[in-house]
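Thanks for sharing this one. Here are a few friendly notes to read alongside the structure.

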Amino acid sequence: MNRNKHLTLEDRQIIAASLNENNSFKTIGMVLHKDCTTIAKEVKRNYTVVKSGCFGHGYNNCAYSFTCSRTHICTDCKNHRCASKCRFCSMCNENCDRYKPAVCKELMKPPYVCNGCRKKAAKCTLEKHIYHAAKADMKYRNTLSEARTGISLTEDEIHQMDLIVSPLLKQGQSVHHVYENHKDELMVSESTIYKLIDMGLLSARNLDLARKVRFAPKKKKKEFKVEKACRIGRDYEAFKTFMNENPDLPVTQMDTVEGVKGGKVILTIHFVKAECMIAFLREHNDARSVTAAFNSLYEKLTPDVFCRIMPVLLGDNGSEFSNPTVLESASDGRDRTRVFYCNPSAPYQKGSAERNHEFIRFFIPKGKSFNDRTQDDIDLMMNHINSYKRASLGNRTPYEMMEFLYGKTVCKALGLKLIPADEVTLKDTIFKRAEDTGHEG
């Protein structure tokens, strides 16, 4: 079947004609090479409501439209037809206190519209649902346009951006200058900053931009979270080629776990061979905090150890990983690792880390904020997770595997601690226990 393709106007014309002939959704789907549920959703989503009567009778959507004998409901009514009965008046439904909307049972089952109904022209005075190809296509286009407008930033994210951008613009700096100096903190494109200013969402205004009026608006281009230039020589195909040439090198997967949009986030660093994971709590999901976390590890582990246990980093296309050069090179100029990216929308390519994230959700469910958590809480959580025995490790714990592969000194530098087997807890009660005792469990 022709999946993942939008319906065209021609497709909708075929649907309308088929409905008029009382064809089923399955039959229409076979003609268009679409699933029958796709046709059903299209019809229910894009039909048109028509308020019309039938031959000899005006529109009346009341359940008593053919039996009511009330007259003179409107005292000032000048319609000559009301001299007999009010049900013949178009104002009946609006002014009658006994009005009860009629529900056509035929509209509650396929095909959900009146296109092929024989009663429609003969004696139906109720509200009609008509699938009209041109109107359905227009309704779809409007819905599609609305879905693609607006910005995907929270108030907290905009406020954080405003604190950085607006004071500098008011000092006379250009958007480009501000963007280049704070790229890792802003995490949006330069054109997005202009858009936010145009929408009045930042303190700075267009009057603060001396040269803006001289330029025509730029054409919108499709943007990637990680720029194409960053991926050159670092995509997943390059990763597989590199690993085929260096099969003995250990791989470390990096990812971000979000709580609520705009709040604190967790950077996870997963050592695949040991199935061991460490995590860093970050105030904002930006590239600068990711770089700071790896620089911290580089200093704690010493350069030689860092290069030995993390020679290859594999991440997704999140914007927080969009500065690979600073991750690959240390401040002393030494090449410390190689960064590669998974294909877009392919989290299974770093499935080991994704599976381990399920343990984190035992402590902090999806959608719950990390804002009330500290780094000590995150370290405690990860120690319990890394002390949980895995069948895939021969019933050993990730901590034991890390100690076996790299030694106790490395485990200590990474902040890893082994929790006794009977004390391992995969619930958020460990946070309360730590608060009550004043130290880690």
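1. Helix 16 (residues 351-363) lies across strand 3, strand 4 and strand 5, and its direction makes an angle of about 40° with strand 3. Please keep in mind that this is a predicted model.

2. The sheet itself is open and has 5 strands, ordered 5-4-3-6-7, with mixed pairing. Strand 5 and strand 7 (338-341) are its edges, each pairing on one side only. From one strand to the next, the twist averages 25°. As a reminder, strands of a sheet pair through backbone hydrogen bonds, either parallel or antiparallel.

3. Is strand 4 (residues 265-271) mostly covered or mostly open? It is mostly covered, with 7 of its 7 residues buried. Val265, Leu267, Ile269 and Phe271 point one way, while Ile266, Thr268 and His270 point the other way. Both sets, then, are buried, His270 and Thr268 included.

4. On one side, strand 4 runs antiparallel to strand 3 (residues 251-258), joined by 7 bridges. If you want to trace the register, Glu258 stands opposite Val265, and Thr256 stands opposite Leu267. The hairpin of these two strands has 6 residues between them, and Gly262 there takes a positive phi near 90°.

5. Strand 4 also pairs with strand 5 (residues 276-282), again in the antiparallel sense and over 7 bridges. Here Thr268 has Ala279 as its bridge partner. This hairpin has 4 residues between the strands, and Glu275 in the turn has a positive phi of about 55°.

How values were computed. Residues numbered from 1 in each chain as written. Predicted model: local features only at pLDDT ≥ 70, side-chain atom pairs only at ≥ 80, totals over all residues. Heavy atoms only, no water. Buried < 20%, exposed > 50% of the residue type's maximum accessible area, 1.4 Å probe, protein only. Pairing = 2+ DSSP bridges. Axes fitted to C-alpha atoms, helices over the stretch in contact; angles between N-to-C directions. Contact = heavy atoms within 4.5 Å.
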